[in-house]
Amino acid sequence: MYVAGSFRWADDTFPLIDPTDGAVIGAVPEAPRELVDEAVRAARGALAGPWGSMSVGDRSAALRRIADGIAARFGDFVDTEVRETGKPRALAETMDIPRAIDNFRAYADLLYARRDSTFHTVSPQGEALNYTVRRPLGVVAVISPWNLPLLLLSWKVAPALAAGNAVVAKPSEETPGTAALLAEVIHEAGLPPGAFNLLHGHGAGAAGEFLTSHPEVDAIAFTGESATGSAIMRAAADHVTPVSFELGGKNAALVFADADFEAAVEGTLRSAFTHSGQICLCTERVYVERPIYDEFVAALGERARKLAGYGPMISAQHRDKVLSYYRLAVEEGATVVAGGGIPDFGDDRDQGFHVEPTVLTGLPSTARTVREEIFGPVCHVAPFDTEDEAVRLANDSAYGLAATVWTTNLSRAHRVAPRVEAGIVWVNCWNLRDLRTPFGGVKASGIGREGGEYSLDFFSEPVNVCVRI
Ligand code: NAD
Ligand code: 6OD
């Protein structure tokens, strides 16, 4: 852990598990309440010191040094991310770690692009100049999940620091390693003590809750399950602490008969099974226009059966949850087109937490398998007959994070995309990211938007100054 500019350990620890083979690979400190208090005090102190008065230029340079520091230890970050999540190495090398570097670089640039508003006011009350200045919120708590550990942590830490806040971060207890490396990089980058603090430990009744219910925390940026978001919101309510939430999803893909068939099958395979379905943007509901439905199901099922090199579920507990949905689907009347069980590798991976990539059909839209987030390598495919029905099915969910639309009809794409109740709609692609765009969900998938100016808006507040002239 890293508090007030120095590295810390704790008396209590818990084991760190490699999900690929179930081996214990280390011990993680569990931050006690006193250390959480100390971290929050250190953050408050940093705001009153050099960090609080640092110029935009120096802050931007500091963010660049952090980006460069991650790049300089790229291999360490990749090794740690792969060991703790079990994700394919190529994914960590091409997505997670480069994106963490980009997150810091993007916000180093965006700091300069920031503009405030000015209004020349002429009214019966008089003439005035109204201008806004932005100030940081103060001490920001960042709580992140295990699926994209460094990417999602840095996605919040970078804009929070860019906006001039002091951060107390708590990554997932399952994947603390790259956050610990980030603390080393930030230390070497020379940020003033207390500007960034890192705690490890569990959520409910532990470091996570101590932090989110802390009266001296000025804002909470959280990514994780919707149920955890509810618990954090209840804790935040006591002190009316502002929250930014990126929560769960049950994302739909709409495949129209006029789609490029090959692109739609490959795209859906990727959107359903990348990182074994453990990305909040992954597709779990696929709706296919009836004329191509049978052919699509056959192609997706065949390719899902041939998938190789996919990683495990993060933990035994999560594997058991995913398997319980595989069983539930059958009880609810599903046809299992592909997968449905545990793979047999015949090596150490059999002690790990793998499940088979699974394609299901035949369930009604009321089935729990179709309604609840599973967060594993599984999707349910159902037919539709009209554009209206496709939109209705996509929107028949408590969640609304992301959706994909597969069609070659330009008018249809533009008609359908804005009608889908989701924060992000991809047309003929998936997870194609531009860090300047708004990112977030509607309904149970979140509160607020992150990305580009949206994050800087959350992590700062405008003060309007009205000067009579
Ligand atoms: P989780 O909600 O169990 O845990 C996330 C973090 O919250 C962890 O650091 C955990 O320790 C902490 N936490 C748990 N209970 C807490 C409490 N009461 N108070 C404070 N902190 C608490 O989520 P997870 O299992 O780590 O991640 C998977 C979930 O995250 C899925 O639901 C997925 O959809 C969601 N997710 C959403 C997005 C998004 O951008 N919308 C991105 C990634 C993951
Ligand atoms: O790409 C991003 O910025 C982002 N927040 C991705 C979230 C993925 C969820 O698992």
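Start by selecting the residues around ligand 2: Arg 99, Asn 147, Leu 148, Leu 152, Trp 155, Glu 246, Ile 279, Cys 280, Arg 433 and Phe 439. Before you zoom in, keep in mind that this is a predicted model.

**Stop 1: ligand 2**

With that shell on screen, try coloring by residue class. You should get six nonpolar residues, one polar and three charged.

Now pick out the polar contacts. Show the side chain of Arg 433 and go to its polar atoms: one of them is 2.7 Å from an oxygen atom of ligand 2. Next, switch on the backbone of Cys 280, where a polar atom sits 2.8 Å from an oxygen atom of the ligand. Then bring up Trp 155, whose side chain places a polar atom 3.4 Å from a nitrogen atom of ligand 2. How much of ligand 2 does the protein bury? On its own the ligand exposes 310 Å², and the protein buries 98% of that.

**Stop 2: ligand 1**

Hop over to ligand 1 and turn on a pocket surface if your viewer has one: this ligand sits in the largest pocket. Which elements give two or more residues to the shell here? Color α7 (207-212), β10 (219-223) and α8 (226-237), and you have them. Of the elements, α7 gives the most, with three residues.

Expand the selection to the whole shell and you'll have 30 residues, with Trp 146, Glu 173, Thr 228, Leu 247 and Glu 373 the closest. Color by class again: 13 come up nonpolar, 11 polar and six charged.

Two of those closest residues are worth a distance label. For Thr 228, draw it from a polar side-chain atom to an oxygen atom of ligand 1, and it should read 2.6 Å. For Leu 247, leave the side chain alone and use the backbone: an N or O atom there lies 2.6 Å from a nitrogen atom of the ligand. A further label goes on Gly 203, where a polar backbone atom is 3.4 Å from an oxygen atom of ligand 1. As for burial, ligand 1 taken alone exposes 850 Å², of which the protein buries 92%.

**Stop 3: Phe 210**

Stay with α7 and select Phe 210, which is found in that helix. Is Phe 210 buried or exposed? Its relative accessibility is 16%, so it counts as buried, the cut-off being under 20%. Add Ala 235 and join the two C-alpha atoms: they are 9.5 Å apart in space, with the two positions 25 residues apart in sequence numbering.

**Stop 4: two positive phi angles**

Follow the chain on from α8 into the loop that leads to β11 (243-246), and click Val 240. Check its phi: the angle is near 45 degrees, positive in a residue that isn't glycine. Val 240 is exposed, because its relative accessible area is 71%.

Then jump to the loop between α12 (368-371) and β16 (378-384) and select Phe 375. Phi is positive for Phe 375 too, at about 65 degrees, and again the residue is not a glycine. Phe 375, though, counts as buried because its relative accessibility is 11%.

**Last stop: Val 355**

Finish in the loop between β14 (335-338) and β15 (358-361), where you'll find Val 355. With a relative accessibility of 1%, Val 355 counts as buried. For a long final line across the view, connect its C-alpha to that of Phe 7: the pair is 348 residues apart in sequence and 38 Å apart in space.

Methods:
Residues numbered from 1 in each chain as written. Chains lettered and ligands numbered in written order. Predicted model: local features only at pLDDT ≥ 70, side-chain atom pairs only at ≥ 80, totals over all residues. Heavy atoms only, no water. Near = heavy atom within 4 Å. Polar contact = N/O pair within 3.5 Å; in protein donor to acceptor, adjacent residues only side chain to side chain. Areas by Shrake-Rupley, 256 points an atom, 1.4 Å probe, with all protein chains shown as cover. 1 Å grid on protein atoms, 1.4 Å probe; cavity = no way out; pocket = protein on both sides within 12 Å on 5 of 7 lines; lining within 4 Å. Sits in = over half its atoms within 2 Å of the grid points. Helix = DSSP H or I, 4+ residues; strand = E, 2+ residues; numbered from the N terminus. Nonpolar A, V, L, I, M, F, W, Y, C, P; charged D, E, K, R; others polar. Buried < 20%, exposed > 50% of the residue type's maximum accessible area, 1.4 Å probe, protein only.
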